[in-house]
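Me: Got a model open here and want to talk through its binding site. Can you walk me through what the atoms show?

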Amino acid sequence: MEKILCASMLNLPIENMKEEIVELDKSGVDIFHVDIMDGTFVPNFAMSVREIDLIRKLSNRPIDCHMMVMQPRRYIKMMADHGCDIIYIHPEAELIPTETLDQIRALGKKPGIVINPALSLEMVKDILPIVDYVIIMGVNPGFAGRDFMDYLIPKFKELTRYRAEKALAFKIILDGGADERVIRTMYHDVGVEGYVLGKQLLFFQNKPYKDCVDFVRAI
Ligand code: DX5
Ligand code: ZN
């Protein structure tokens, strides 16, 4: 199982954004992960289409946008037009999330859902056949740099088990708190393939991004 490594762009040092993005592109990271926050779904503001445009200009790698936004349907076309390849919504932020996921697909983009710590898998099982990606949060969303919450491990196990049982093809990505210990457990024991890499393993490491990516591939 190949790892899918996503760079958490919320952690990107902003002083030399352009150079950092170019170095990340060369590092071998698979996907740029862009956190969008509206100040209501989560108590914070974050990135926007400006950063997406810059990444799109500097790299051909896929960009995902993680919409921590109420009624994200209002902004799906905008995100698609700015070059996002994968669009994640939190299903509880919409009354009819399946229509939003269908709209993402109709725009030629890959739909994904994000499962918050307090959201039960039972709430989303019925819609798993129509998504390409599922993020399970390892922290409460809204802020970078939080520590993984171990009590969520059974949820990851349940999702990998359910995917195998139903022979579903969506990818599973862990977002929040991915450190070496967490990835070792999740990759080898649980069968999770995707990781959003933030401050623990990719940014602020005092070594080139490529070395960080190589390190995670070898965990
Ligand atoms: C949290 C965000 C994450 C996060 C990942 O609200 O969705 O993408 O920034 O980076 P770390 O693991 O460093 O917090
Ligand atoms: Zn995120």
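**The ligand site**

Reply: Sure. In this predicted model, the largest cavity is the space taken by ligand 1.

Me: Which residues come nearest to ligand 1?
Reply: There are 20 residues around ligand 1. Those that come nearest are D35, G142, G145, D175 and G177.

Me: What polar side-chain contacts does ligand 1 have, and how much of its area does the protein cover?
Reply: Oxygen atoms of ligand 1 have polar side-chain partners: D35 at 2.8 Å, N11 at 3.2 Å and H66 at 3.3 Å. On its own, ligand 1 has 370 Å² of accessible area, and the protein's cover of that comes to 100%.

Me: And the zinc ion (ligand 2): which protein residues are its donors?
Reply: Their spacing in sequence reads H-x1-D-x30-H-x108-D. The donors sit 2.1 to 2.3 Å from the zinc ion (ligand 2). By name and atom they're H33 (NE2), D35 (OD), H66 (ND1) and D175 (OD).

Me: Are H33 and D35 buried or exposed?
Reply: Buried here takes under 20% relative accessible area. Both H33 and D35 count as buried.

Me: What geometry does the site of the zinc ion (ligand 2) have?
Reply: There are six donor atoms, with angles among them of 69 to 169 degrees. Six donors need opposite ones over 155 degrees apart and all others between 65 and 115. The site of the zinc ion (ligand 2) is octahedral.

Definitions and conventions:
Residues numbered from 1 in each chain as written. Chains lettered and ligands numbered in written order. Predicted model: local features only at pLDDT ≥ 70, side-chain atom pairs only at ≥ 80, totals over all residues. Heavy atoms only, no water. Donors = N, O, S within 2.8 Å, 3.2 Å for Na, K, Ca; no water. Tetrahedral: all angles 85-135°; square planar, octahedral: opposite > 155°, others 65-115°. Buried < 20%, exposed > 50% of the residue type's maximum accessible area, 1.4 Å probe, protein only. Near = heavy atom within 4 Å. Polar contact = N/O pair within 3.5 Å; in protein donor to acceptor, adjacent residues only side chain to side chain. Areas by Shrake-Rupley, 256 points an atom, 1.4 Å probe, with all protein chains shown as cover. 1 Å grid on protein atoms, 1.4 Å probe; cavity = no way out; pocket = protein on both sides within 12 Å on 5 of 7 lines; lining within 4 Å. Sits in = over half its atoms within 2 Å of the grid points.
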